[in-house]
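Let's take a friendly walk through the empty spaces of a protein, and then stop at one of its helices. Have the sequence and the 3D view open as you read.

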Amino acid sequence: PEPPKRQISTASYADNHSILFIYDEPDKKKSTSFLLMRSIPKDKKIVFIGIPTNTIAIVDDTQQSMLSAYESGGASGAINFTNKVFGIEVERYMKLDYDALIKVCDILGGVSYPVAEDIAGFNGDGSEQYLNSEQIEKLITYSLYDGGETERAYVVSSVFSAMLNRGEGLRISDNLDSSFKTVINMVDTDITAVDYKNRKVAIKGMLERGITIGSFLIINGED
């Protein structure tokens, strides 16, 4: 069969968008995770920002943490808190449970990542090892990092950046339509099919032509 035809277009900064990802699986008693993704297709760059759950800020004249804002106000509370901290508009959110997170990691294809913590099932010596989707979930929800929630936020953001930089952008792009349809039906989100349609050409171009498109940042919480 002929390879799929690729749309060539010029992305603009109007294609920029921010999504707050929330991993919340209370039935499994897992640590909630917050990951802000800032996508800049024109620059072929995606920045992942890990937000520690104990990040403190004054929001609407009240001192709150990221976690308390989410627990009291749901996704909209978490977005409002994030907007205040970063001074940017978070356009959309996506809340994932265990099955949805595993599916997203399957789509991205796992990652080689150094693990220094003494966690069952990992090398624990700081050497890189390939992590499958279940191991990634276990790593990002581990609650006993020496550096507390700040270190866990670092792991969350750096793991997803590393997954995106595995050099499989072309494969991800080719399957983006079916991946979107699969994931969107597994999550709680305000991302719509129209949102995807309006941005998919720019996203595909970034994935197909970018080399190392993922980078990561964290902010310090209050341990």
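Ala, Val, Leu, Ile, Met, Phe, Trp, Tyr, Cys and Pro count as nonpolar, Asp, Glu, Lys and Arg as charged, and the others, Gly among them, as polar. This is a predicted model, in which local features need pLDDT of at least 70, side-chain atom pairs count only at pLDDT 80 or more, and totals for chains, interfaces and linings use all residues. Residues are numbered from 1 along each chain as its sequence is written, and side-chain values use heavy atoms, with hydrogens and water left out.

**Two empty spaces**

On a 1 Å grid over the protein atoms alone, a cavity is a set of points where a 1.4 Å probe fits but cannot get out; a pocket is an open set with protein on both sides within 12 Å along at least five of seven lines, and lining residues have an atom within 4 Å of a point. A volume is the space filled by probe spheres set on the points.

| Space | Volume | Nonpolar lining | Polar lining | Charged lining |
|---|---|---|---|---|
| Largest pocket | about 980 Å³ | 29 residues | six residues | four residues |
| Largest cavity | about 50 Å³ | five residues | three residues | two residues |

Which residues come closest to the centre of the largest pocket? Of the 39 that line the pocket, they are Ile 19, Phe 21, Met 37, Met 94 and Ile 191. Helix 7 (193-209) is among the elements that supply at least two lining residues, and helix 7 gives the most, with seven. Helices here are DSSP runs of H or I with at least four residues, and strands are runs of E with at least two, numbered from the N terminus.

The structure holds one cavity of 30 Å³ or more. Its lining includes Thr 32, Glu 149 and Arg 152, and helix 4 provides the largest share, four residues.

**A bent helix**

Now look at helix 1, residues 66-86, which spans only 12 Å between its end C-alpha atoms, whereas a straight helix of 21 residues would span 30 Å. The expected span is 1.5 Å times one less than the number of residues. Where is the kink in helix 1 centred? A kink of about 140° is centred on Gly 73, the bend being the angle between axes fitted to the seven residues ending there and the seven starting there.

Among the buried residues (under 20% relative accessible area, 1.4 Å probe, protein chains only) of helix 1 are Met 66, Tyr 70 and Phe 81. Just after helix 1, Gly 87 takes a positive phi of about 65°.

Conventions
Buried means under 20% relative accessible area, exposed over 50%, partly exposed in between (1.4 Å probe, protein chains only).
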